[in-house]
Amino acid sequence: MPIRCNGHDISVLTTLYDALIHLRLKDRPRFVWIDALCINQADNEEKSVQVFRMSSVYYKAVKVIAYLGETYTCCGPALQLLDKADFDSHADLCHGGFKQLLLGVQLLLKAPWFTRTWVRQEVFMANSLDVQIGFVSLDWQRFSMNVTALLTKGQSMFDAMGDTYEDRLLTRIPASLHLLCPGGAEDKAKVVLRAVHLSGSHRRDLDVVLRGSKHFEASDPRDFVYGVASMTTAKFDHTSSTFHPNPSEEASIEIDYRLPVKSVYEKTTIYLMQQARSVDPMFFAYETRRQESSQEEYA
């Protein structure tokens, strides 16, 4: 779709065009930072520099907006109900209406946003985050907590009534949501990071964060490393050209989209072994490859 930006005609994807329409304010200008427009995606050198700065963009933003796209407009009523419903009240849990709400929420959770690896950094760094569909929006904290409460309540209800396999699917909590939400149903998380809430204020070791990557997707495999940079205690750098072979020197991970994927993973594994002073990260790489044969190995 064509738009005009800074006097230039630019073609953007339909999803971005739809977002620009719905993010526009009627009574005043609105300044929006959009990576697809503000970073030249075809210039790997520029991407390397800008990606290094993205955590600062998210952190300093007045608000970060997760726009889910026109495809999910039909889920707008479900988003409104999540804001208003009291899931401790039986009045909001009549069986027929409740199942319709579960259907709407499960469709909503299929939006690609929830499994994009970059989302982990957005949620982690944002001081204020809204989930938005069309003109309907809901604060992330309320959204994630209410979705977890809704699905957990649904599990209890269906257990009491004698659930079916289809009912059980309606109450499934995606592993990616377990990692992103600020709490809730922790004991039900069937993932390695079950006790780690990545939207918290404490950064984690890189190897711990990488273990959660199998629940997310990236169009560029390098982003499984670069996309979680700000969430970890690891040192990232867009200027260094090599890893430091001397353990007494401070090592860093180079953010460089010109590097082959294999090289990025090899350098990341070397960094992890340097920091751990152990070869254990190689076993993690082996397990990752064995469990997710479709993904490239780290070493």
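Two strands count as paired if DSSP finds at least two bridges between them, a criterion that the first exercise needs. The model treated here is a predicted one.

**Exercise 1. Work out the order and the pairing of the open sheet that contains β3, β4 and β5, and say which strands lie at its edges.**

Step 1. The 3 strands follow one another in the order β3-β4-β5, and the pairing in this open sheet is mixed. The edge strands, each of which pairs on one side only, are β3 (64-67) and β5 (136-139). From one strand to the next the twist averages 25°.

Step 2. Take the parallel part next: β3 is joined to β4 (residues 129-133) by 4 bridges, and these two strands run parallel. Val 64 has Leu 129 of β4 as its bridge partner, while Tyr 67 stands opposite Gln 132 in β4.

Step 3. On the other side, β4 pairs with β5 in the antiparallel sense, again over 4 bridges, and Ile 133 stands opposite Val 136 in β5. These two strands form a hairpin with 2 residues between them, and Gly 134 in the turn has a positive phi of about 60°.

Step 4. Strands of a sheet pair through backbone hydrogen bonds, in either the parallel or the antiparallel sense. With β3 and β4 parallel and β4 and β5 antiparallel, the sheet is described as mixed.

**Exercise 2. Decide how far strand β4 and helix α6 are covered, residue by residue.**

Step 1. For this step the cut-off matters: a residue is buried when its relative accessible area is under 20%. In β4, 5 of the 5 residues are buried, and the strand is mostly covered.

Step 2. The cover extends to both faces of β4, with Leu 129, Val 131 and Ile 133 buried on one side and Asp 130 and Gln 132 buried on the other.

Step 3. Helix α6 (residues 117-125) has 9 of its 9 residues buried, so the helix is largely enclosed by the rest of the structure. Among the buried residues of α6 are the charged side chains' positions Arg 120 and Glu 122, together with Trp 118 and Phe 124.

Step 4. As background for these two elements, buried residues make up 45% of the 299 residues in the chain, which has 13 helices and 7 strands.

**Exercise 3. Classify the ring pairs that involve Phe 114, and state where the partners lie.**

Step 1. A pair of aromatic rings is described by the distance of the centres and the angle of the planes. The whole structure holds 5 aromatic pairs.

Step 2. For Trp 113 and Phe 114 the ring centres are 5.1 Å apart and the planes stand at 85°, so the pair is edge-to-face. Trp 113 is buried at a relative accessible area of 7%, and Phe 114 counts as buried at 2%.

Step 3. For Phe 114 and Phe 143 the centres are 5.9 Å apart and the planes stand at 20°, so this pair is stacked. Phe 114 belongs to the loop between α5 (95-108) and α6, whereas Phe 143 belongs to helix α7 (residues 140-161), and the pair thereby links distant parts of the chain, 29 residues apart.

Step 4. Phe 143 is buried as well as Phe 114, and one aromatic cluster is formed by Trp 113, Phe 114, Trp 140 and Phe 143.

**Exercise 4. Describe the surroundings of Ile 39 and follow one of its contacts, Lys 47, to an aromatic ring.**

Step 1. Ile 39 lies in the loop between α2 (35-38) and α3 (44-60), and is buried, with a relative accessible area of 3%.

Step 2. With neighbours within four places in sequence left aside, Ile 39 is in contact with Trp 33, Glu 46, Lys 47, Gln 50 and Met 54. Between Ile 39 and Gln 50, which are 11 residues apart in sequence, the C-alpha to C-alpha distance is 6.9 Å.

Step 3. Lys 47 has its charged end over the ring of Tyr 257, 4.2 Å from the ring centre.

**Exercise 5. Is Asn 6 buried or exposed, and what is the sign of its phi?**

Step 1. Asn 6 is found in the loop between β1 (2-5) and β2 (8-11), and is exposed, with a relative accessible area of 73%.

Step 2. Most residues other than glycine have a negative phi. Asn 6, which is not glycine, has a positive phi, near 50°.

Key
Residues are numbered from 1 along each chain as its sequence is written. This is a predicted model: local features need pLDDT of at least 70, side-chain atom pairs count only at pLDDT 80 or more; totals for chains, interfaces and linings use all residues. Side-chain values use heavy atoms; hydrogens and water are left out. Buried means under 20% relative accessible area, exposed over 50%, partly exposed in between (1.4 Å probe, protein chains only). Rings of Phe, Tyr and Trp (its six-membered ring) pair if their centres lie within 6.5 Å; planes under 30 degrees apart count as stacked, over 60 as edge-to-face and the rest as tilted. A charge sits over a ring if NZ of Lys or CZ of Arg is within 6 Å of the ring centre and within 35 degrees of the ring normal. Axes are lines fitted to C-alpha atoms, for helices over the stretch in contact, and angles run from 0 to 180 degrees between N-to-C directions. Contact means heavy atoms within 4.5 Å.
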